[in-house]
Amino acid sequence: MSKWYNPPRTRNLYTPESSEPFKISRSKIDRFVSCKRCFYLDVRLGVSRPPGFPFTLNNAIDELFKKEFDIHRKAKTTHPIVKAAGVDAVPFQSKELDAWRDALRRGIMFHHKKTNLIVRGGIDDVWVNGDGELIVVDYKATSKKDEVNLDAEWQDGYKRQIEVYQWLFRMNGFKVSD
């Protein structure tokens with residue numbers, strides 16, 4: 001039995017002297033914000049955090065939402081939930097959507113030349129409003145009995161997640177709703 005729960009990686013490590021761009025995910029940025037030591041151990045030494053609990057039900061709901069919104073994307077119609085919320089938007093049509101949704105291998109990317117980082121993130125969906133602005137969407141499932149909001153400190157990561165995605169779309173030349 002290994003003395004490590006996750007043996008250290010030897011690939012995808014950040015080397016400051018390297019001239020090759022380093023790919024960094026939205027979740028790694030969040031790790032830096034929440035724990036700089038954990039971030040360093042991960043990207044420099046290859047020691048990852050132990051995996052979290054799988055959110056099987058949440059993942060299933062996420063996939064069902066994507067499929068349901070894809071039906072409205074194909075029909076170019078507003079989803080009833082979006083309409084009920086008073087949002088003027090339809091799912092955005094793009095050949096890149098499958099790549100943008102692929103969080104593990106692709107996602108939406110931008111090479112930030114000043115830092116030589118390729119920042120990337122895998123989105124759940126993108127809608128477009130009546131002004132032609134993109135609305136970046138991330139589906140979340142909850143069993144919360146009270147009104148759903150983003151006011152708790154532990155939800156700051158959700159806000160940061162969307163902000164990184166918005167930044168990525170802006171850096172790729174898209175007009176993005178705040």
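Helices (H or I, at least four residues) and strands (E, at least two) are DSSP runs, numbered from the N terminus. Keep that in mind as you click around. The model is predicted, so local features need pLDDT of at least 70 and side-chain atom pairs count only at pLDDT 80 or more, while totals for chains, interfaces and linings use all residues. Residues are numbered from 1 along each chain as its sequence is written, and side-chain values use heavy atoms, with hydrogens and water left out.

**Stop 1: H72**

Select H72, which lies in helix α3. Is H72 buried or exposed? Its relative accessibility is 17%, so H72 counts as buried (buried means under 20% relative accessible area, exposed over 50%, partly exposed in between, with a 1.4 Å probe and protein chains only). Now show what H72 touches: leaving aside residues up to four places away in sequence, the contacts are T77, T78, H79, P80 and P91 (contact means heavy atoms within 4.5 Å).

**Stop 2: the sheet**

Follow P91 next: its bridge partner in β5 is W127. β2 and β5 (residues 125-129) pair in the antiparallel sense over three bridges; two strands pair if DSSP finds at least two bridges between them. Zoom out and you have an open sheet of three strands, ordered β2-β5-β6, with antiparallel pairing. β2 (89-91) and β6 (134-137) each have a single partner strand, so they stand at the edges with one side lacking a neighbour in the sheet. From one strand to the next, the twist averages 35°.

**Stop 3: the helices on the sheet**

Add helix α3 (residues 56-75), which packs on the sheet, touches β2 and β5, and makes about 40° with the direction of β5. Axes here are lines fitted to C-alpha atoms, for helices over the stretch in contact, and angles run from 0 to 180 degrees between N-to-C directions. Then add helix α6 (residues 156-171): it lies across β5 and β6, at about 140° to β6.

**Stop 4: the rings**

How many aromatic pairs does a search of the whole structure find? It finds 12. Rings of Phe, Tyr and Trp (its six-membered ring) pair if their centres lie within 6.5 Å; planes under 30 degrees apart count as stacked, over 60 as edge-to-face and the rest as tilted. Select F69 and W127: the ring centres are 5.3 Å apart and the planes at 15°, so this pair is stacked. F69 sits in helix α3 and W127 in strand β5, 58 residues apart, and both are buried. Add F65 and Y139 to see the cluster that ring pairs form with F69 and W127.
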